[in-house]
Amino acid sequence: MVAPVSAKMLTKVLLVLLWMSIIFPSRIEGPHAELERGPSAHHDDVYGPKPQGPQKKLSSEEVKPTAAATHQGFGKLVAATKILDSMLHKYDHKLRPGIGERPTVVTVRLSVNTLGPISMIDMEYSVDITFCQTWYDHRLRYNGSFESFVLSGNLVSKLWIPDTVFRNSKRIHDYALTMPSQMVRIHKDGKVLYTVRMTIDAECSLHMLKFPMDSHSCPLSFSSFSYTKSEMIYKWEDFTIEINERHSWKLFQFDFTGLSNKTETMSTISGDLMVITLFFNMSRRLGFNMFQNYVPSSVTTMVSWITFWMKKDSASARTSLGITSVLTMTSLGSYSRKNFPRVSYITALDFYITVCFIFCFCALLEFAVLNFLIYQHTKPRTSPRLRYPRARGRVLSPLRARGRAQQQQGNVVCDIEDSEEEDSDEEDGPSCPAQQSLRPGRTHCPGGCFKFCKYLCTARHCEGGMWQQGRLFLHVYRLDNYSQVVFPVTFFFFNVVYWLVYLNL
């Protein structure tokens, strides 16, 4: 009984072990098989980036194309090195192309990056350019699959480069960070393109006669330093100049109006050089100087006319206002010359400020003249004597003379004279306007006294000659009224003529 039971138990144990040997290897191999299949089978329902398994090891067949490409690129690099070495092996960068045979033709192209600022005191301007020069060098021809080679940095010095200089430059700033901003491109047919970026501070002679309505043409001249026109010729590439106006140009007071160029021959000790000059045409904006100089000068001139509406006895107020106006114009004239070159001629702005200064000074002088005339005719005189104009015709009796005098009382103009001049006046006759008021056809001064009406005669004694006929009668006490009209009208016509002349020159 024991043997059969043990046999059955042994059979069951073997079956369990066999089952376990079948189940456990599949559990162990399951994850590896899943990794080999990829995570898509188990993570299809996962949102977001799926976990990636280890990269699949490339077979030797898959590695062979990459190695071939690397070998091919290395072969091109070796071929390019051989071409450059063959070009530069016997190349002499000290000799120009075509020496002894023909002149070297250099084609120029220019790109303007920024223009300005313009310094009026130093008479110079700044320009940032990219300067391109193209020429042919038969020594740099090559055969190969490369269309061109680019050399930069220190390799540029191994080639012949035109010795171009900017003749009116004061300072030239090169861009050397992080590498020099220069490049040479060599084409397979021997064409060489040399490009360099630089900032040039060039001189510009500013003619300030019409300032601030002036226009200028600032030149930029370049030529070869040592080669004559029989050895090197410059020419524009159809005069194409790229202007990058998107950049911040620093012209400030100027407007850029255009470009022009000219080519000329300059004679030097070494020979005749070909010089190409590029002109940057600019015109000044009037807004800044209008609000800084013209408006203050005009307003100060008009303020000085307020004294014409003040009372004649307000001497302190009129004098203070007149002196203040004159000093203000002096300050404005000095301020306008603060940032200005010391030229020897008068500019349009100087002329305007000078005329405004004269108007202010004349307004102050008008009160001085008025005050002097009033004082002279109202001050107490020594031994005054009343004179009547001499009667013409026959001599009348005292009784008739007294009656005639009473009838003409309303028409007689009297003249108060000093006793010191009594003898001379009696000899010379009645002075103006007594002689004028009694003569027919002359200007009549309605009854009153000398101090209320007067001719402004240039002679000391007006004897009523023919030269006084048709003369303008000026009232001394109405000098302010005359000035209220004369000064504004004169200043208005001056401005009309001034702006018509200078804006149309």
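What follows is a conversation about how the terms used for this predicted model apply to some of its residues.

Biologist: Before we start, what should I keep in mind about the model?

Modeller: This is a predicted model, with local features needing pLDDT of at least 70 and side-chain atom pairs counting only at pLDDT 80 or more, while totals for chains, interfaces and linings use all residues. Residues are numbered from 1 along each chain as its sequence is written, and side-chain values use heavy atoms, leaving out hydrogens and water.

Biologist: Thanks! Why is Ser-148 called partly exposed?

Modeller: Buried means under 20% relative accessible area, exposed means over 50%, and partly exposed lies in between (1.4 Å probe, protein chains only). Ser-148 has 23% relative accessibility, so it counts as partly exposed. Ser-148 belongs to strand 3 (residues 148–152); strands (E, at least two residues) and helices (H or I, at least four) are DSSP runs numbered from the N terminus.

Biologist: What makes Arg-185 a partner of Ser-148?

Modeller: Their side chains make a polar contact at 3.0 Å. That term needs a pair of N or O atoms within 3.5 Å; within protein, one must be able to donate a hydrogen and the other to accept it, and residues adjacent in sequence count only if both atoms are side-chain atoms. Setting aside neighbours within four places in sequence, Ser-148 is also in contact (heavy atoms within 4.5 Å) with residues including Tyr-142 and His-187.

Biologist: Happy with that. Why is the pair Arg-171 and Glu-124 called a salt bridge?

Modeller: A salt bridge is a side-chain nitrogen of Lys or Arg within 4 Å of a carboxyl oxygen of Asp or Glu. Arg-171 and Glu-124 meet at 2.8 Å, N to O, so the pair fits the definition. It links distant parts of the chain, with Arg-171 in strand 5 (residues 169–174) and Glu-124 in strand 2 (residues 124–136), 47 residues apart. Both residues also sit in a salt-bridge network with Lys-170 and Asp-201.

Biologist: Which of those two ends is buried, and which is partly exposed?

Modeller: Glu-124 is buried because its relative accessibility is 12%, whereas Arg-171, at 38%, is partly exposed.

Biologist: How do you know that Glu-264 and Lys-262 form a salt bridge?

Modeller: Their closest N and O atoms are 3.8 Å apart, so the pair meets the cut-off. Glu-264 is partly exposed at 36%, and Lys-262 is partly exposed at 38%.

Biologist: And what makes Asp-480 and Arg-318 a salt bridge?

Modeller: Their side chains come to 3.0 Å, N to O. This pair also joins distant parts of the chain: Asp-480 is in helix 9 (residues 479–504) and Arg-318 in helix 4 (residues 315–336), 162 residues apart. Asp-480 counts as buried because its relative accessibility is 3%, and Arg-318 is buried at 1%. The structure holds 13 salt bridges.

Biologist: Why is Glu-366 called buried?

Modeller: Its relative accessible area is 6%, so Glu-366 counts as buried. Glu-366 lies in helix 5 (residues 348–378), and its contacts beyond four places in sequence include both Arg-318 and Asp-480.

Biologist: Last one: what makes up the largest nonpolar core?

Modeller: A nonpolar core is a set of buried Ala, Val, Leu, Ile, Met, Phe, Trp, Tyr and Cys residues joined through side-chain atoms within 4.5 Å. The largest one has 76 residues, and Phe-280 and Tyr-125 are among those with the most contacts inside it. Helix 5 supplies the largest share of this core, nine residues.
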